[in-house]
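Q: I am new to this structure and would like to understand the words used for it. Could you take me through them?
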Amino acid sequence: MLEKLTKFLVIEKVSSTIFFVEEEGNLKQGIDILIENRENPTRANVEIKLGLKKENIEIERVDKGRRSYRIYIPEIQKRMNAQFVLFANGKVQDKKTINLESRKHWQIYLVHLSHHDLGYTDLPTNVLQEHDSFIDDVLRFCEETKEFPFESKFKYTIEQAWSIIHFIKNRPKETIDKLIQFIKKGQIEVTAFFGNEISELCSHEELIRLMYPSFSLKHKYGIPIRSAELADIPGLSWGLVKVLAGAGVKYFAPGLPDYFSWGKRKVHIFWDESSVLPRDLPGAFLWQGQDGAKVLFWYGELGAGGLSWWDYQEAFSKLPDMLDKLEKKDYPFDIIRYRFIGGHRDNSPPALRLSYIVREWNKRWAYPKLIVATNSDFFEQLERKWEKKLPVFRGELPNTDYTVGATSTAKETGINRVTHNQLHSAEKFATISAVVSDYSYPNLTLNKAYEDMLLYDEHTWGMAHPLGPAQEAHWSEKSSFAYRASALSQDVLLKSLNKIVDEIKMPNNDYHIVVFNSLSWKRTEVVRTPLKVQTPCGRPMYLEYPENEVSPRLVSGSAIGRNIINLPQDIIEKSYELIDVDTNERIPYQIVKLNDPKAPVPYASYQYALGGVDPAHLFEIVFIAKDIPPMGYKTYRVIPCKETSDFTSNIEVREESIENRFFKVILDSKMGVIRSIYDKELQRELVDQDASHKLNQLIIRSVETGKEEKPGIWRVCKGASGPVYGSLRISGEANGYPQITEEIILYDKIKRIDIFNRILKDSTPFLETYFAFPFKVENPSFRFEGCNSIIEPLKDQFPGSNSDYYTMQYWASVSNKEMGVALSSIEAPVIEFGGLWPGYVSQAHHGITPQGFGHDFLKGGELKKGHMYSYVMVNNFRTNFQPVQVGERLFRYSIFTYKKDWKRGRVYQFGWSFQNPLIPVCMKGKKEGTLPASYSFCEVDKPNVLLLTLKQAEDGEGLIMRLMETEGKNTDVKVTLPFFTITKAYQTNLVEENEKILSIIKKHSIEVFVKAFGITTIRVQGI
């Protein structure tokens, strides 16, 4: 009885901890013992038997009640039984034997940054100024901690380069020198990307240019660019791998947000957790691109947020549980990266307290060791210890939120899509013009246009609360990026083309139309030449020398040194011939008048209004230009004649059908849709007659009910009719859309169907809007051109990722072994395959939860119908994106058919041609010049290789060409530049850093290897 009374201490639990201390050069491991004391406070001892070793540790005071006590024992290096014997007053109180495991020597890399939203928390201009002050603080904190231990010195990662670019522009030299010094020391890291881009929206070249601002700092100041961030976006273009690896950036840490766990309704994440990584477990893998390149990918479950400990006590109270949970879930590494933010807000300020927390922590603990780090600090350790053991994943991670969110402002998104191509063409021809004429290469203008284009495709689309003056002001700034990029690129394009035209020898004193081809293969395409060209934004001054006057006048012109030339207005009433100068062949043309302000063409209502003042705004000359040289031009002469030639055409336009040698298209006037397309070459119907929707049907679906609105009232009438093309017009109205105008176009000599849709949206909210393309293709196989990649849905994407919608660049196709149909969309990037799916914008952004939200994504073999749906608009958002949009929207499509597979059908040439139309430039008069009537500035001898870029080098050392392989074949390609004499040639990486010398075949030609689906960049230098 007495023995029992002396046992008043009970060991309830013994557990090992993550903590280690260092004593006399040896590590000791923290053990927590939970003791119940049934009497008064007392002193106790614990004897620990570890195999043949014994340790005796005193606990100075064991209080009454239940309490945990920390003791330290020699490090457990392998699993073993350990006996704990508790003594008090010389008596054994209790015993417990447990299995002790070795614990990780944790190294916690705390990467301090601020999530970059250009807006959302304030107007974009204010956010830029705020980040300037943040970087001022960063420099001060680096100074203040220069005597701190290495692990606690203040370090900072610039999440996106737009903030540091702005800072450098707005701070004195001595401040910039200090900044560069800390970057070179490794205390500040600049990451690769300019902004948190919606990467799937980007054009191929745009995604590459996303790295140029950061690398311009590298080249100017000699700083490293080793890692990339892309935060707060639940979707990634597969092309990112190709781009990052192509610039030598090995490390990628996208802050993928788990929006799908927000709120009460938790749905599955953006990938299959069992196949990739669990949503709540950080991890790493190698992401392999389509060209075989790889980047080291870190997934952190904190998304774009981060830890924000206030002091040591908060860190001590939270970190152990975090690490214990990781170990219980079999987290494989002993290092981990956590983002650290200064406060709980996007665009949060830097916090010096992190360095103090880490300094205090590391004084106490050997492990876990806290390290204030940059991205590269962490990745270098991860790569060294674990890279060979990491899994490899391939494919796209289709966006769930932001690509659809961009349709909330469909007009500006469409404008920016057009600018993608217009700017690339402008850059090519500006480069050529600067070589063949006295044109001054507009480097600053091009850079500004690229910056604006990038800032529009950046993920911040509005304020946190998208309502009221703040949202209106934000959208005024955001939309200006799209409008300005469009204006600047048009300005460069028109001016550079007119300077080239000034160098063409023209022996006749007539009007001429010089037709330019911005792509690298010979093309036969439609040309639309307005009688009144849209003038560019800049009117440079020049000296004019009027006849019979002594002094010159300083005047302005829409081109350089003159005004842009327009065709004569009397071409409308009088007879003219259009002559191919090379062949002397008479070319059929068609005069088209704009007679409806609601016509589905760009700026229709503006042209119609101005046509009341100047009728030239209403007319254009349309013809088919044959065999326009690759990356070159061809000249057509416009001369008066006695009688207009009567050109025949095989186009028949009837009341509800239209037909040419390639297709017969039948409309349904009651529904305002295309009921049938019969392909005469393939001898088959292209429209699935059993589909729920007809082709080009406008689908308006209620977010609230999931039901489709009933069709409106429709009217069909004949449109254009002539030797070049014919068309049918459809007009109508529907709920939310008081005006709808559509035009279906067939050409005499081009096998494709163009469909132009113009819709006027009213303020009705909660509507999803689509156009249907239910193609009849048995056993369908889909592919589409994403950003810098060709993607087969379900196959070329992360397991279990979004299958509701994808983002295409130039084309999408559905085919089987016999034939295929391709669709190209200019303004609308989002497309659905196989069916009209419920939609998957997360609860972080959607307003009303749509019907079917949270459904399972498709699995392999479940795309059974050859249907496509163009997702053009939705306004169901609670934050960031516009909850309402009002106004006219234009959506232009083209359909193309082919035999066999997409490669043999040269589908990429169809898509690129439709979105890069031939460009006419008019000239008047006889003049001398050094250029012939037709010319190719760049010839690429392999049809599967595309000239993506032609530009002046950023450092001024020669010209840069970028080649892209389009069909998955390793290719040796010869590139010829007839206008440029090559003296030196180099292969560079994507950011124009020389890698190896190339052999010059002839003075104008080089040969280079392009990897399957790869991109090769070349620098050529001349005399």
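Q: Why is Arg1019 called buried?
A: In this predicted model, Arg1019 has a relative accessible area of 3%. Buried means under 20% relative accessible area, exposed means over 50%, and partly exposed lies in between, with a 1.4 Å probe and protein chains only as cover. A value of 3% therefore makes Arg1019 buried.

Q: What makes Asp955 partly exposed?
A: Its relative accessible area is 47%. Since partly exposed covers the range between 20% and 50%, Asp955 belongs there.

Q: How do you know that Asp955 and Arg1019 form a salt bridge?
A: A salt bridge needs a side-chain nitrogen of Lys or Arg within 4 Å of a carboxyl oxygen of Asp or Glu. The closest N and O atoms of Asp955 and Arg1019 are 3.0 Å apart, so the pair qualifies. This pair links distant parts of the chain, 64 residues apart: Asp955 is in the loop between strand E48 (945-952) and strand E49 (959-965), while Arg1019 is in strand E55 (residues 1015-1022). Strands (E, at least two residues) and helices (H or I, at least four) are DSSP runs, numbered from the N terminus.

Q: What makes Lys634 and Asp580 a salt bridge, and are these residues buried or exposed?
A: Their side chains meet at 2.8 Å, N to O, so they are within the 4 Å limit. Lys634 lies in strand E25 (residues 632-640) and Asp580 in strand E22 (residues 576-580), so the pair ties together parts that are 54 residues apart in sequence. With relative accessibility of 6% for Lys634 and 2% for Asp580, both count as buried.

Q: What is the accessibility of Lys329 and Asp280, which also meet in a salt bridge?
A: Their salt bridge is 2.8 Å, N to O. Lys329 has a relative accessible area of 38%, so it is partly exposed. Asp280, at 39%, is partly exposed as well. The structure holds 66 salt bridges, and Glu159, Glu229, Arg337 and Arg339 are linked in a network of them.

Q: Why is helix H3 called largely enclosed?
A: Because 8 of its 9 residues are buried, H3 is largely enclosed by the rest of the structure. Among the buried ones are Trp162, Ile165 and His166. Their cover includes helix H2 (124-144), strand E9 (156-158), H4, strand E10 (188-190) and helix H6 (212-221).

Q: How do you know that H3 and H4 are in contact?
A: Contact means heavy atoms within 4.5 Å. Ile164, Phe167 and Ile168 in H3 meet Thr175, Ile176, Leu179 and Ile183 in H4. The residues of this contact divide into 6 nonpolar, 1 polar and no charged.

Q: Why is Ser657 called buried?
A: Ser657, in strand E27 (residues 657-659), has 10% relative accessibility, so it counts as buried. Not counting residues up to four places away in sequence, Ser657 touches Glu652, Val665, Ile666 and Leu728.

Q: What makes Tyr545 exposed?
A: A relative accessible area of 61% is over 50%, so Tyr545 is exposed. Tyr545 is found in the loop between strand E20 (541-544) and strand E21 (553-556).

Q: How should I read the residue numbers and values?
A: Residues are numbered from 1 along each chain as its sequence is written. Local features need pLDDT of at least 70 and side-chain atom pairs pLDDT 80 or more, whereas totals for chains, interfaces and linings use all residues; side-chain values use heavy atoms, leaving out hydrogens and water.

Methods:
Nonpolar A, V, L, I, M, F, W, Y, C, P; charged D, E, K, R; others polar.
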